[in-house]
Amino acid sequence: MARNYTLFTGQWADLPFEKVAELAAGWGYDGLEIAVSGDHLDAWRWDDDAYIQDRLDILARNGLKVWAISNHLKGQAVCDDPIDFRHRDIVGPRVWGDGDPQGVRERAAEEMKLTARLAQRLGVKTVVGFTGSSIWQYVAMFPPVPAEVIDAGYRDFADRWNPILDVFDECGVRFAHEIHPSEIAYDYWSTVRALEAIGRREAFGINWDPSHMMWQDIDPVSLIWDFKDRIYHVDCKDTKLRITGRNTRLGSHLPWGDPRRGWDFVSAGRGDVPWEASFRALNAIGYDGPISVEWEDAGMDRLRGAPEALAFLRQFDFTRPEVSFDSAFKQ
């Protein structure tokens, strides 16, 4: 299918954007999924012509393109409750402001609107990100949580995100929500309900990242098929499961890379994601967007891991046949 492979820059935001572009080009990537983080992208400069041209020039100098940008960190703050020290550390001083929770949510929502405008200026049709959730804290459902509290959480999501999605529609850009624990849509049925909450409007779809599905026992291949009209973007990150009876799926409050964890993110190809079946499913639904490497592995140096992951994933870049394999039997 001659897919385009990109490197997600979120885990590289400690490096200057130009340095990340140079590295990715040297490894053979076709482009970047650029994060609104570090010095890589600033959504508040969406109307600065010189700034936009500078970003595009850096890509051009390195022979790279951009098909998607991301803003996970500010999207997280749109719906989250509580807003606390965790958000202060990720949203930056402009969105954090004085730390008033409602103010943080409103400024985060404004940045998501500006991210749609930034994408339009860059010629990009997809923004990847998180939504946050006011009800994730109730995931264990104990102490008991009344149904109306959960209902209110989905209404809150719709109330906060519909105005953002109006700007996405205005700009001709789609939002690809990453199904992920701590978000309004974190598994199969919560994704169904989130789509229903916003009337299944086309501006809101899915960023397929199988790593978060594996440790929840979600079949990533079936999810591709079941949500085939909503797969707007693909991020590739792998997960290695180590469920031993001591090591559990909830992680035990242990840091990444600790061998007592029941699972960990690893470089693509070193975990348990069924990659070939997944790529065949993506072919079957006609997905022709970029394949983005979101590289995370607490036990491996990223300068080795990022090119290795690209080489691993390229082996699945086979085209669908033009004729059926059994057509010869008809002659």
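Gly28 comes directly after helix α1 and has a positive phi, near 100 degrees. The model is predicted, and this residue marks a convenient place to start reading it.

Step back from Gly28 into the helix itself. Helix α1 covers residues 17-27, and its buried residues are Phe17, Val20, Ala21, Leu23, Ala24 and Trp27. Viewed down the axis of α1, these buried residues fall within an arc of 165 degrees, so they line one face of the helix. Buried here means that a residue has under 20% relative accessible area. What do the buried residues of α1 pack against? Their partners are two strands, β1 (5-8) and β2 (31-35), and two helices, α2 (49-61) and α11 (302-314).

The strands β1 and β2 lead to the barrel. Eight strands close into this barrel, in the order β1-β2-β3-β4-β5-β6-β7-β10, and their pairing is parallel. From one strand to the next, the twist averages 30 degrees.

One pair can be followed in detail. Strand β2 pairs with β3 (residues 65-70) in the parallel sense, over four bridges. Among the residues involved, Glu33 has Ala68 in β3 as its bridge partner.

Other helices lie on the strands further along. Helix α6, residues 147-171, packs on the sheet and touches β4, β5 and β6 (204-208). The direction of α6 makes about 140 degrees with that of β5. Helix α5, residues 101-122, lies across β3, β4 (126-129) and β5 (174-178). At what angle does α5 run to β3? The angle is about 175 degrees.

Conventions: Residues numbered from 1 in each chain as written. Predicted model: local features only at pLDDT ≥ 70, side-chain atom pairs only at ≥ 80, totals over all residues. Heavy atoms only, no water. Buried < 20%, exposed > 50% of the residue type's maximum accessible area, 1.4 Å probe, protein only. Arc of directions from axis to C-beta. Contact = heavy atoms within 4.5 Å. Pairing = 2+ DSSP bridges. Axes fitted to C-alpha atoms, helices over the stretch in contact; angles between N-to-C directions.
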